[in-house]
Amino acid sequence: MTTLITNHEAGRDTAAEKEKWLRVYRKMVSIRLFEENVNELYTRALMPGLAHLYSGEEAVAVGICEALRIDDYITSTHRGHGHCLAKGASPHRMFAELLGKEAGYCRGKGGSMHIADPATGNLGANAIVGGSVGIATGAGFSAKHLDTDRVAVCFFGEGALGQGSLYEVMNLAQLWKLPVIYVCENNQYNEYTHYQETTAGTILARATAFGIEAARVDGQDVREVHEVATRFVKRARLGGGPAFLQCDTYRYSGHHVGDINREYYRSKQEEQLWKTERDPIKMLGNWLIDQGYADARSLEGISEEVRKAMEAAVKFAVEAPYPPVEEVEKHVYA
Amino acid sequence: MPERELTFAQAVREALAEEMRRDSRICILGEDVAEAGTPFKVLSGLVEEFGPQRVLDTPISEAGFTGLAVGAAMTGMRPIVDIMFGDFITLTMDQMVNQAAKVHYMSGGHWKVPMVMRTTLGATRRSAAQHSQSLQAWFSHVPGLKVVLPSTPYDAKGLLKAAIRDENPVVFFEDKMMYKLKGPVPDEDYTIPLGVADVKREGDDITFIATSSMVQVALGAASLLEKEGISAEVVDPRTTWPLDEKTLIDSAKKTSRVIVLDEGYGRYGVTAELASVVAEGAFYDLDSPVKRMGAMHVPIPFSPPLEDATVPTEQSVFEAARKMCK
């Protein structure tokens, strides 16, 4: 009898596992294809402003957000499309925002670097490097004081390690045991400068100096990111306090779409190596096939579905109207 | 029954206590705000009533705890941050200017930041260049922020309660030299809407438009002028934003002469903006150019005779007004 139950549960677990990792795969593909469309819109001069692509870093956003509830909070960065999508944002409204349309998440007033969405707990992408560390920590403060058992995740790049405000809020978070996960996406480059030229000591020591629980993971391996994130989120939710997660990853494109000639700061060979050997989507795809959860054809089917969905989202955004000019003075004050 | 009198500091404390009793989401964050009650003792007794979960001593991290307050305000709390000296607002500028002020607009109206920053202004306390500035112009410059400059205990209580209930980030400047000033304050709940100027004294010959500490200076100068047969009106905008332009312009039209007073630096300052409002709105009714008086454009010096020379006084305002009315 015991054996039967175990087998049954194991089977159910396997099905749930398969469903979960296929969902994760689809999300990662969605981010990759979203960004391919952004690149296309930008190079065709349909998108104003700046575009900072997240391609190559998908495992971080998806691995972390998969460990969160819809009502948990995130703050994001100028390279934030991946975080917003991973937390559940709709590509339709995101593309609309990127094009400055009224149907966008911020009615076109924020653009690529400021997407925010209360429905998915997204407190906003932030175009000041390290600018959202206070906001995320404050969300953790509210969760504790209002006793909501929510958790806040603060995404930032390794460039934000140069900002003093990060250390001020990590000190506060640890003193007051706030449920905040600081996620350092180390994509190796502070804009056009390798992080080793700007960062003394080790990254993790910055967190452990405050007594904050810290870990370093392979940011290309979504399962590893997810496993540690799940542990940290659970701990924070139960009142265990903040944690710091360093995810080593790589930015496939330039700092922004216009950063094309990059050889003065990094080689094409380096980029190629990450893309062929360390691609997070390929790595998960191979694992799914090894597990028997998918085959090459079914994975291609997922990509095809996502591709079509993105095309529809782009079409929606391109055809959507701009906000009326009267909108310019709305929402300065609540 | 005689009217109850409170000091400015007591009026601030009463406003905070009444609001904290009304709304459990309100908390106070700052350096030495709990048992110490701040170096000015403005917050004495609050931690005893509301506990250390609502009156929180922070590390000396102005940017950190202000940033935390922005996030807390967005997610359901109503934080009040205490920045001990107004000079220290420089440390919070990214959090206030790039975050708090812009969140509502940038998110298309989705997120709100109902927080208050209380801080101080004012020279002549012998505190030298980094503890004596009046930097209200900095925040008044930024869309998305509201800026309050109370000049009496009555206004301090009513305006602070309104600031706390506001859905936007509000910066509330208290003149630290005024904390002991006494005045009538009702022992009841009242608010003063932000954006409504108050005529502190009526007059016919000249208008002083004055903020915060300079309201008291202007009232003193008006008394001196009265002995000379000159009738001065004192108008207090009470908030630099929102700004009650109409009351300022109406008074300028009535008296035809205006001196604008604010303790901040004159250059690109509050006085410049207020003078511009008057000039645009009442130009054809004016008998002389609008005069501005504020802090000299020097870092505030320590040495008492030097420091005293940097800010307008009753005497200097009286003389300027008398000259204008000749």
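The contact between the two chains takes 34 residues from chain A and 36 residues from chain B. On chain A, helices α5 (133-145) and α6 (164-175) each supply at least two residues of the side that touches chain B. The greatest share of that side comes from α5(A), with ten residues. Sorted by class, the side of chain A that touches chain B holds 18 nonpolar, twelve polar and four charged residues. All of this is read from a predicted model.

**The two chains in outline**

The table sets out overall values for each chain.

| Chain | Helices and strands | Span of C-alpha atoms along principal axes | Buried share |
|---|---|---|---|
| Chain A | eleven helices, seven strands | about 70 × 50 × 45 Å | 50% of the 334 residues |
| Chain B | twelve helices, 14 strands | roughly 60 × 45 × 45 Å | 57% of the 326 residues |

The radius of gyration of chain A is 20 Å, which agrees with the value near 20 Å that a compact globule of 334 residues would have. For chain B, the radius of gyration is 19 Å, and this agrees with the value near 20 Å for a compact globule of 326 residues.

Contacts within each chain can also be sorted by separation along the sequence. In chain A, among contacts with a separation of 6 or more, 75% are between residues 24 or more positions apart. In chain B, the corresponding share is 80%.

**The sheet of chain A**

Chain A contains an open sheet of five strands in the order β1-β2-β3-β7-β6, and the pairing is parallel. At its edges stand β1 (73-75) and β6 (213-218) of chain A, each of which pairs on one side only. Neighbouring strands of this sheet are turned against each other by 20 degrees on average, with direction ignored.

Within this sheet, strand β3 (residues 180-186) of chain A runs parallel to strand β7 (residues 243-248) of chain A, and six bridges join the two. One residue pair illustrates this link: A:Cys184 has A:Gln246 in β7(A) as its bridge partner. Helix α5(A) packs on the sheet and touches β1, β2 (152-157) and β3 of chain A. The direction of α5(A) makes about 170 degrees with that of β2(A). The helix that packs on this sheet is also the one that gives the most to the side of chain A touching chain B.

**A covered helix in chain A**

Helix α2 (residues 58-65) of chain A is mostly covered, with eight of its eight residues buried. These buried residues are A:Glu58, A:Ala59, A:Val60, A:Ala61, A:Val62, A:Gly63, A:Ile64 and A:Cys65. In general, an α-helix has 3.6 residues a turn, so residues three or four places apart point the same way.

**The domains of chain B**

Chain B is divided into domain 1 (5-184) and domain 2 (198-325). Taken over C-alpha atoms, the centres of these two domains of chain B are 26 Å apart. Where they meet, 27 residues of domain 1 of chain B are in contact with 25 residues of domain 2 of chain B. The side of domain 1 that touches domain 2 draws at least two residues from each of α6 (136-140), β6 (146-148), α7 (153-165) and β7 of chain B. By class, the residues of this side of domain 1 of chain B divide into 15 nonpolar, eight polar and four charged.

**Strand β5 of chain B**

Strand β5 (residues 116-121) of chain B is mostly covered: six of its six residues are buried. B:Val116, B:Arg118 and B:Thr120 point one way from β5(B), whereas B:Met117, B:Thr119 and B:Leu121 point the other way.

This strand has pairing partners in β4(B) and β7(B). Strand β4 (residues 78-83) of chain B pairs with β5(B) in the parallel sense over four bridges. Strand β7 (residues 170-175) of chain B also runs parallel to β5(B), and six bridges join these two strands. B:Thr119 takes part in the description of each pairing: B:Ile83 stands opposite B:Thr119, and the bridge partner of B:Thr119 in β7(B) is B:Phe173. Strand β7(B) thus links two topics of this report, as β7 of chain B also supplies at least two residues of the side of domain 1 that touches domain 2.

Key: Residues are numbered from 1 along each chain as its sequence is written. Chains are lettered from A and ligands numbered from 1 in the order in which they are written. This is a predicted model: local features need pLDDT of at least 70, side-chain atom pairs count only at pLDDT 80 or more; totals for chains, interfaces and linings use all residues. A residue is buried if 20 or more other C-beta atoms lie within 10 Å of its own, exposed if 12 or fewer, and partly exposed in between; C-beta atoms are placed from the backbone. Two strands pair if DSSP finds at least two bridges between them. Two residues are in contact if their C-beta atoms, placed from the backbone, lie within 7 Å. Ala, Val, Leu, Ile, Met, Phe, Trp, Tyr, Cys and Pro count as nonpolar, Asp, Glu, Lys and Arg as charged, and the others, Gly among them, as polar. Domain bounds come from an automatic or database domain assignment. The radius of gyration is taken over C-alpha atoms; the globule rule is 2.2 Å times the number of residues to the power 0.38. Axes are lines fitted to C-alpha atoms, for helices over the stretch in contact, and angles run from 0 to 180 degrees between N-to-C directions.
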